[in-house]
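Colleague: I am new to this structure. Please pick one part, take me through it closely, and then link it to the rest.

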Amino acid sequence: MSAVKNVWVFAEKHEALAELCAGGHQIGERVSALLIGTKSDAEELANAAADQVYWLGETDSARMLEDYVLTLVKLVNERRPDVLLVGSSKRARLLAGRLAARLGTAVLADVMEFITSGKQLQCKRMVYGGAAVCTEISGASTVIATVAAGIFSTTAVVAAPQGTIESVAFVEPGQGLKRLERRVKGGVHVNLAAAKRVIAVGRGIANQEDLTMIKELANLIGAELGCTRPLSEGVNWLPRERYIGVSGVMFKPELYIGIGISGQVQHMVGCDQAGTIFVINKDKTAPIFTQADYGVIGDLYKIIPALIEKVKGNKTPQ
Ligand SMILES: Cc1cc2nc3c(=O)[nH]c(=O)nc-3n(C[C@H](O)[C@H](O)[C@H](O)COP(=O)(O)OP(=O)(O)OC[C@H]3O[C@@H](n4cnc5c(N)ncnc54)[C@H](O)[C@@H]3O)c2cc1C
């Protein structure tokens with residue numbers, strides 16, 4: 001049994017909250033979720049993931065996430081959780097910083113692994129662009145840490161049926177930010193961290209149009225499409241939410257297929273926990289082969305069409 005008693009979790013997005021609850025159960029004895037959402041969201045969490053739900057009320061379009069700082073400060077001061085895990089979205093990170101400042105403590109940012117040893121919680125995060133790992137321990141009575149999606153395995157969830165729900169009164173912020181407008185982001189939203197199978201492409205793809213054959217293969221095997229940073233932030237062929245690595249998505253899919261990717265550490269730290277790693281690269285000295293379970297040395301422009309034909313053939317009824 002862990003010596004860490006009470007773990008609280010908070011996230012801007014509900015899917016992240018469920019994952020943090022799963023992680024909370026791996027760290028401590030009792031998990032409480034802080035939720036902004038509907039009553040039925042609160043009930044769902046209490047029935048499936050959290051021992052306790054602090055319900056901060058329905059989403060209110062007039063409120064920014066940071067407007068909840070005083071509400072959370074009051075609650076933390078009253079109940080004194082051992083750990084507060086915050087999902088690492090932009091706004092939630094801002095909130096974590098303001099919360100820590102109010103509580104006179106610090107935030108451990110971008111934690112990728114927690115190790116409990118007695119009452120101590122060691123937090124590991126990458127530094128120098130993924131070249132080294134830093135281990136830190138917070139001296140605060142409530143450890144506040146931000147966590148990226150995909151760090152915790154949701155399959156290890158210990159269901160906590162019949163968790164309780166407690167309504168928390170909103171404390172008006174003294175000086176708030178005022179939202180002037182809210183627009184829905186265009187394009188298709190993808191939650192790569194939740195994907196079981198991912199095909200990731202790198203600079204081995206010579207032209208944007210060639211992504212069509214990769215998408216075809218991904219559709220055939222039910223995989224999401226991911227990429228390395230240069231394909232997203234360099235040539236803009238794929239959106240930011242699809243790139244994997246230290247500054248992108250970190251996850252643990254069942255299957256990762258890397259195509260035309262050299263295997264630099266900044267990319268691999270995002271996917272090296274995958275169940276099976278299968279890679280294709282024409283350079284037999286590419287570092288990605290050292291991390292792969294299966295590797296094919298060869299030209300992707302020959303191998304991918306052949307793979308597509310093979311998978312299609314297997315799908316055709318005899
Ligand atoms: C601070 C910092 C943070 C970073 N964060 C990230 C991050 O989060 N995610 C990330 O991905 N990167 C990140 N990077 C960039 C990272 O260091 C690498 O530059 C990047 O991952 C390389 O992408 P790549 O493998 O697509 O390209 P390359 O390294 O150029 O590799 C392309 C590979 O394709 C192979 N290839 C070429 N043609 C073919 C073909 N026809 N068939 C088969 N194989 C072929 C080549 O042999 C080569 O191995 C970061 C860098 C820094 C400095």
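## Val311 and beyond

Modeller: Val311 touches Leu217, Leu220 and Ile221, once residues up to four places away in sequence are set aside. One caution before going on: this is a predicted model. Val311 sits in helix 8, which runs over residues 300–315. Is Val311 buried or exposed? Its relative accessibility is 17%, and buried means under 20%, so Val311 counts as buried. Now take one of its partners, Leu217. Val311 and Leu217 are 94 residues apart along the chain. Their C-alpha atoms, however, are separated by 8.2 Å.

Helix 8 also holds a residue that meets the ligand. Leu300 belongs to the range of helix 8. A backbone N or O atom of Leu300 lies 2.9 Å from a nitrogen atom of the ligand. Which residues come nearest to the ligand? There are 26 residues around it, and Arg203, Thr228, Ser247, Ser262 and Asn281 come nearest. Arg203 has a backbone N or O atom 2.7 Å from an oxygen atom of the ligand. For Val246, a backbone N or O atom is 3.1 Å from an oxygen atom of the ligand.

Next, helix 6. Ser232 is found there. With 1% relative accessibility, Ser232 counts as buried. What does Ser232 touch, leaving aside its neighbours within four places in sequence? Its contacts are Cys227, Leu238, Pro239, Arg240 and Tyr243. Beyond helix 6, which covers 229–234, a loop leads to strand 13 (255–259), and Asn236 is found in that loop. Asn236 has a relative accessible area of 59%, so it is exposed. Its phi is positive, about 60°, although Asn236 is not a glycine.

Now move to the nonpolar cores. In soluble globular proteins, nonpolar side chains tend to be buried together. The largest nonpolar core here has 33 residues. Which of them touch the most other members? They are Val9, Cys21, Ile27, Leu45, Leu85, Phe114 and Phe152. Helix 1, residues 14–27, gives the most to this core, with four residues. Cys21 shows how the packing looks from one residue. Without its neighbours within four places in sequence, Cys21 is in contact with Val9, Val31, Ala33, Leu45, Ala49 and Ala50. Apart from this core lies another, of 25 residues. Its members include Leu211, Leu225, Ile280 and Ile308.

Stay with helix 1. At 1.5 Å a residue, its 14 residues should span 20 Å. The end C-alpha atoms are 20 Å apart, which agrees. The buried residues of helix 1 include Leu17, Leu20, Cys21 and Ile27, and also Glu19 and His25. His25 has its place in this helix. At 15% relative accessibility, His25 counts as buried. Where does its side chain reach? It comes to 2.7 Å from the backbone oxygen of Ala49. Ala49 is also one of the contacts of Cys21.

Helix 4 makes a good second example. It runs over residues 90–103, and its 14 residues should span 20 Å at 1.5 Å a residue. The distance between its end C-alpha atoms is 20 Å, in agreement. Which residues of helix 4 are buried? Ala92, Leu95, Ala96, Leu99 and Ala100 are. They cover an arc of only 130° around the axis, so they lie on the same side of helix 4. On the other side, Lys90, Ala101 and Arg102 are exposed. The buried residues pack against several elements: strand 1 (6–10), helix 3 (69–79), strand 4 (83–87), strand 5 (107–111) and strand 9 (143–147). Just after helix 4 comes Gly104, with a positive phi of about 70°.

One last stop is the loop between helix 3 and strand 4, where Arg80 lies. Phi of Arg80 is near 50°, a positive value in a residue other than glycine. Arg80 has a relative accessible area of 46%, so it is partly exposed. The two elements that flank this loop are both among those that the buried residues of helix 4 pack against.

Key:
Residues numbered from 1 in each chain as written. Predicted model: local features only at pLDDT ≥ 70, side-chain atom pairs only at ≥ 80, totals over all residues. Heavy atoms only, no water. Expected span 1.5 Å × (residues − 1). Buried < 20%, exposed > 50% of the residue type's maximum accessible area, 1.4 Å probe, protein only. Arc of directions from axis to C-beta. Contact = heavy atoms within 4.5 Å. Core = buried A, V, L, I, M, F, W, Y, C linked by side-chain atoms within 4.5 Å. Near = heavy atom within 4 Å. Polar contact = N/O pair within 3.5 Å; in protein donor to acceptor, adjacent residues only side chain to side chain.
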